[in-house]
Amino acid sequence: MVRDLVLKNRSYRRFYQDVAVERETLRELVDLARCSASGANRQPLKYFLSCTPERNAQVFSTLGWAGSLPDWPGPSEGERPSAYIIILGDTQISKNAGVDHGIAAQSILLGAVDRGLGGCMLASVRRDELRRLLGIPEQYEVLLVVALGKPKERVVLETLEPGGDVRYWRDDDQVHHVPKRRLDDIIVG
Ligand SMILES: Cc1cc2nc3c(=O)[nH]c(=O)nc-3n(C[C@H](O)[C@H](O)[C@H](O)COP(=O)(O)O)c2cc1C
């Protein structure tokens, strides 16, 4: 069911790093993005794949994790993503990718969950550094990084009361809690 997949598709930030994600799996996930909606069907998105320890370490070094958990520096060695899909905008096709990269990232993550994997979208990326480390040509704008792996954490949704705090939190058992607004609070008409 789509609902089950969407509910299971949380932002996971700790992984079994020793469980590899093959390049072929990443290609299959990009193929889901390829078949997704695109504004005016311009399809400006291109992708850079990472699934080797060396390249993963380079990508990881440019990422900002969990802004709502200031005391947590991000996943430690052994719990880091096994792979990344970097979503790029080809500026020779379109100066602006609109919302295409968000749609692509969601397709990728739903496909990952369907395969027993999981991940997290990251917009907090030191883009120039990532471009330099990976040798990504100027033609491509770095839009989003999707981290992927076998999740090692439990994430649960909580009810967010009106006026409540949107910040997610971790409890003493390292369970990650994510407050979500109530359905009746977001349908305005
Ligand atoms: C566009 C976008 C950018 C995001 N960037 C980051 C990021 O840079 N670092 C991070 O740890 N999480 C990032 N997230 C994940 C959000 O924090 C997460 O979606 C939110 O806390 C809700 O949790 P959920 O995805 O499990 O519903 C991003 C999510 C979106 C949609």
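These legends accompany several close-up views of one predicted model.

**View 1. The largest nonpolar core of the predicted model brings together 26 residues.** Start with Val-59, Leu-63, Trp-65, Ile-86, Leu-130 and Val-145, the members with the most contacts inside this core. Helix 3 (53-60), strand 2 (83-90), strand 3 (118-122), helix 5 (127-134) and strand 4 (140-149) each give two or more residues to the core. Strand 4 supplies the largest share, four residues. As background to this view, nonpolar side chains in soluble globular proteins tend to be buried together.

**View 2. Leu-63 and its partners from elsewhere in the sequence.** Once residues up to four places away in sequence are set aside, Leu-63 touches Tyr-84, Leu-122, Ser-124, Val-125, Arg-126 and Val-145. Two of the names in this view also appear in the first one: Leu-63 and Val-145 are among the residues with the most contacts inside the largest core.

**View 3. Helix 3 packs against helix 5.** How far apart are the axes of helix 3 and helix 5, and at what angle do these helices pack? The axes lie 9 Å apart, and the angle is about 160°. That angle makes helix 3 roughly antiparallel to helix 5. The crossing of helix 3 past helix 5 is right-handed. If you zoom in on the side chains, you will find Arg-55, Gln-58 and Val-59 on the helix 3 side, meeting Leu-130, Leu-133 and Leu-134 on the helix 5 side. Val-59 and Leu-130 may look familiar, as both are named among the best-connected members of the largest core, those with the most contacts inside it.

**View 4. Helix 2 (residues 23-34) crosses helix 4.** Here the two helix axes come within 8 Å, with a crossing angle of roughly 135°. Helix 2 and helix 4 are therefore oblique to each other. Their crossing is right-handed. From helix 2, the contact uses Leu-29, Leu-32 and Ala-33; from helix 4, it uses Ala-104, Ser-107, Ile-108, Gly-111 and Ala-112.

**View 5. Ser-107, a residue of helix 4 (residues 100-114).** Is Ser-107 buried or exposed? With 18% relative accessibility, Ser-107 counts as buried. Beyond its neighbours within four places in sequence, Ser-107 is in contact with Leu-32, Ala-33 and Ser-36. Leu-32 and Ala-33 belong to the helix 2 side of the contact with helix 4.

**View 6. Tyr-47 in strand 1 (residues 45-50).** Tyr-47 counts as partly exposed, at 22% relative accessibility. Which residues does Tyr-47 contact, leaving aside its neighbours within four places in sequence? They are Val-30, Ala-33, Ile-85, Ile-86, Ile-87, Leu-88, Ala-104 and Ile-108. Among these partners, Ala-33 takes part in the contact from helix 2, while Ala-104 and Ile-108 take part from helix 4. For a sense of distance, look also for Asn-96, which is 49 residues from Tyr-47 along the chain, with 16 Å between their C-alpha atoms.

**View 7. Cys-51 and Cys-120, two cysteines without a disulfide.** A disulfide is a covalent bond between the sulfur atoms of two cysteines. How many disulfides does the model have? The count comes to zero. Why is Cys-51 not bonded to Cys-120? The sulfur of Cys-120 is the closest cysteine sulfur to that of Cys-51, yet it is 19 Å away, too far for a bond. The surroundings of the two can be compared by accessibility: Cys-51 is partly exposed at 24%, whereas Cys-120 is buried at 3%.

**View 8. Ala-40 and Gln-174, two loop residues with positive phi.** Most residues other than glycine have a negative phi. Ala-40 is not a glycine, but its phi is positive, at about 55°. Look for Ala-40 in the loop between helix 2 and strand 1, where it counts as exposed at 66% relative accessibility. Gln-174 is likewise not a glycine, and has a positive phi of about 65°. Gln-174 sits in the loop between strand 6 (169-170) and strand 7 (176-181), and its 37% relative accessibility makes it partly exposed.

**View 9. Val-6 in helix 1 (residues 2-8).** Val-6 is partly exposed, with a relative accessible area of 37%. Gln-106 is 100 residues away along the chain, and the C-alpha atoms of Val-6 and Gln-106 are separated by 9.5 Å.

Methods. Residues are numbered from 1 along each chain as its sequence is written. This is a predicted model: local features need pLDDT of at least 70, side-chain atom pairs count only at pLDDT 80 or more; totals for chains, interfaces and linings use all residues. Side-chain values use heavy atoms; hydrogens and water are left out. A nonpolar core is a set of buried Ala, Val, Leu, Ile, Met, Phe, Trp, Tyr and Cys residues joined through side-chain atoms within 4.5 Å. Buried means under 20% relative accessible area, exposed over 50%, partly exposed in between (1.4 Å probe, protein chains only). Contact means heavy atoms within 4.5 Å. A disulfide is a pair of cysteine sulfur atoms within 2.5 Å. Axes are lines fitted to C-alpha atoms, for helices over the stretch in contact, and angles run from 0 to 180 degrees between N-to-C directions. Angles under 35 degrees count as roughly parallel, over 145 as roughly antiparallel, 65 to 115 as roughly perpendicular and the rest as oblique. A crossing is left-handed if the near helix is turned anticlockwise from the far one by less than a right angle, and right-handed if clockwise.
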